[in-house]
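The following exercises practise the reading of sheets, helices and contacts in a structure. Each task is followed by a solution in steps.

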Amino acid sequence: MAEIKVDCIGETCPVPLVEARKALRKAKQGDIVEVTGNHPSSKKEIPMAVRAMGLEVLEIKEEKGTWTIRIRR
Amino acid sequence: MAGKAAIIVHSGDMDKVYSALILGNGALSMGMEASLFFTFWGLQRLKKGGLEKGQLSKMNMFGLGKWMIKRKMKQAKVASLEKLIQDFKELGGKILACDMTMDIMGVKREDLRNDLISDYCGVGTYMNEAKDATITLFI
């Protein structure tokens with residue numbers, strides 16, 4: 001099981017969502033994808049997309065406007 | 001996959017091509033399928049070197065408005081159209097080029113970005129894409 005980190009700090013719509021999807025496509029089943037960013041809407045929309053694809057959101061945390069979302073492929 | 005977006009890109013205006021590509025990428029990111037059918041003025045954006053050439057749909061002011069918006073977009077770190085179209089392809093999006101527009105406007109295949117185009121086709125192919133789409137848009 002690999003852990004893939006995606007840094008989207010400073011990126012705006014739709015880049016964090018697209019980069020999250022790109023990483024999930026490349027990941028193998030069981031891999032963890034961790035996306036970090038500070039675009040506010042993406043914090044809501046990435047988990048929305050993850051659930052729409054039937055995948056699992058493991059954790060969402062935020063500190064001083066920077067959020068991290070952990071997803072299991 | 002859950003759902004599908006079939007979008008007609010009729011306008012070649014920069015802001016509308018942005019809308020089409022952002023929506024297409026959004027659909028793919030949500031785990032949907034997506035296809036973009038470039039026709040009429042939209043097709044001009046698939047010419048080699050043509051992607052960023054569209055003017056602003058309003059307040060273009062002979063290019064001044066576009067320049068100002070482009071500057072604001074750069075400050076806001078908005079992705080380029082080239083990045084958006086490459087991402088769209090990487091996520092499995094389909095780009096369809098209208099062959100009737102090519103005939104009318106004298107556009108040849110070698111004038112177009114063959115690296116991006118999945119198919120050269122007509123209304124039948126678009127309708128075939130759209131008939132089972134959950135989202136259809138005309139931009």
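**Exercise 1. Strand pairing around E2 of chain B**

Task: In what sense do E2(B) and strand E3 (residues 94-98) of chain B run, and how many bridges join them?

Solution. The model is a predicted one.

Step 1. E2(B) and E3(B) run parallel, and four bridges join them. Within this pairing, B:Phe38 stands opposite B:Ala97 in E3(B), and B:Phe37 stands opposite B:Leu96 in E3(B).

Step 2. E2(B) also pairs with strand E1 (residues 4-9) of chain B, in the parallel sense and over six bridges. Here B:Ile8 is the residue that stands opposite B:Phe37 in E2(B).

Step 3. Strands of a sheet pair through backbone hydrogen bonds, in either the parallel or the antiparallel sense. The connection can now be added: E1(B), H1(B) and E2(B) make a β-α-β unit that is right-handed.

**Exercise 2. The surroundings of E2 of chain B**

Task: Which residues point each way from E2(B), and are they buried or exposed?

Solution.

Step 1. B:Glu33, B:Ser35 and B:Phe37 point one way, while B:Ala34, B:Leu36 and B:Phe38 point the other way.

Step 2. The criterion is a count: a residue is buried if 20 or more other C-beta atoms lie within 10 Å of its own. By this criterion the residues on both sides of E2(B) are all buried.

Step 3. Because six of the six residues of strand E2 (residues 33-38) of chain B are buried, the strand is largely enclosed by the rest of the structure.

**Exercise 3. The sheet of chain B and its helices**

Task: In what order do the five strands of the open sheet of chain B lie, and which strands are at the edges?

Solution.

Step 1. The order is E4-E3-E2-E1-E5 (chain B), with parallel pairing.

Step 2. Strand E4 (119-121) and strand E5 (135-138) of chain B are the edge strands, since each pairs on one side only. From one strand to the next, the twist averages 20°.

Step 3. Two helices that pack on this sheet are then placed. H1(B) touches E1, E2 and E5 of chain B, and its direction makes about 170° with that of E1(B). Helix H5 (residues 123-130) of chain B touches E1, E2, E3, E4 and E5 of chain B, and its direction makes about 150° with that of E1(B).

**Exercise 4. A pair of packed helices**

Task: At what angle do H1(B) and H3(B) pack, and how far apart are their axes?

Solution.

Step 1. Two packed helices are described by the angle between their axes and the distance between the axes. For H1(B) and H3(B), the angle is about 30° and the axes are 9 Å apart. The crossing in which H1(B) passes H3(B) is left-handed.

Step 2. Among the residues of H1(B) in this contact are B:Val17, B:Leu21 and B:Leu28, and H3(B) contributes residues including B:Leu84 and B:Phe88. By type, the contact of H1(B) with H3(B) divides into nine nonpolar, two polar and one charged residue.

**Exercise 5. The contact between the chains**

Task: How many residues of chain B are in contact with chain A, and which helix supplies the largest share?

Solution.

Step 1. The contact involves 15 residues of chain B and 13 residues of chain A.

Step 2. Helix H1 (14-29) and helix H3 (81-90) of chain B each supply at least two residues to the side of chain B that touches chain A. The largest share, five residues, comes from H1(B).

Step 3. This side of chain B comprises eight nonpolar, four polar and three charged residues.

**Exercise 6. The sheet of chain A**

Task: What is the order of the four strands in the open sheet of chain A, and which helices pack on this sheet?

Solution.

Step 1. The order is E1-E2-E4-E3 (chain A), and the pairing is mixed. Strand E1 (3-8) and strand E3 (56-63) of chain A are the edge strands. The twist averages 15° from one strand to the next.

Step 2. Strand E2 (residues 32-37) and strand E4 (residues 66-72) of chain A run antiparallel and are joined by six bridges. The bridge partner of A:Val35 in E4(A) is A:Ile69.

Step 3. Helix H1 (residues 15-26) of chain A packs on the sheet and touches E1, E2 and E4 of chain A. Helix H2 (residues 40-52) of chain A also packs on the sheet, touching E2, E3 and E4 of chain A.

Note on methods. Residues numbered from 1 in each chain as written. Chains lettered and ligands numbered in written order. Predicted model: local features only at pLDDT ≥ 70, side-chain atom pairs only at ≥ 80, totals over all residues. Contact = placed C-beta atoms within 7 Å. Nonpolar A, V, L, I, M, F, W, Y, C, P; charged D, E, K, R; others polar. Buried ≥ 20, exposed ≤ 12 C-beta atoms within 10 Å, placed from the backbone. Pairing = 2+ DSSP bridges. Right-handed = clockwise from strand over helix to strand, strands pointing away. Axes fitted to C-alpha atoms, helices over the stretch in contact; angles between N-to-C directions. Left-handed = near helix turned anticlockwise from the far one by under 90°.
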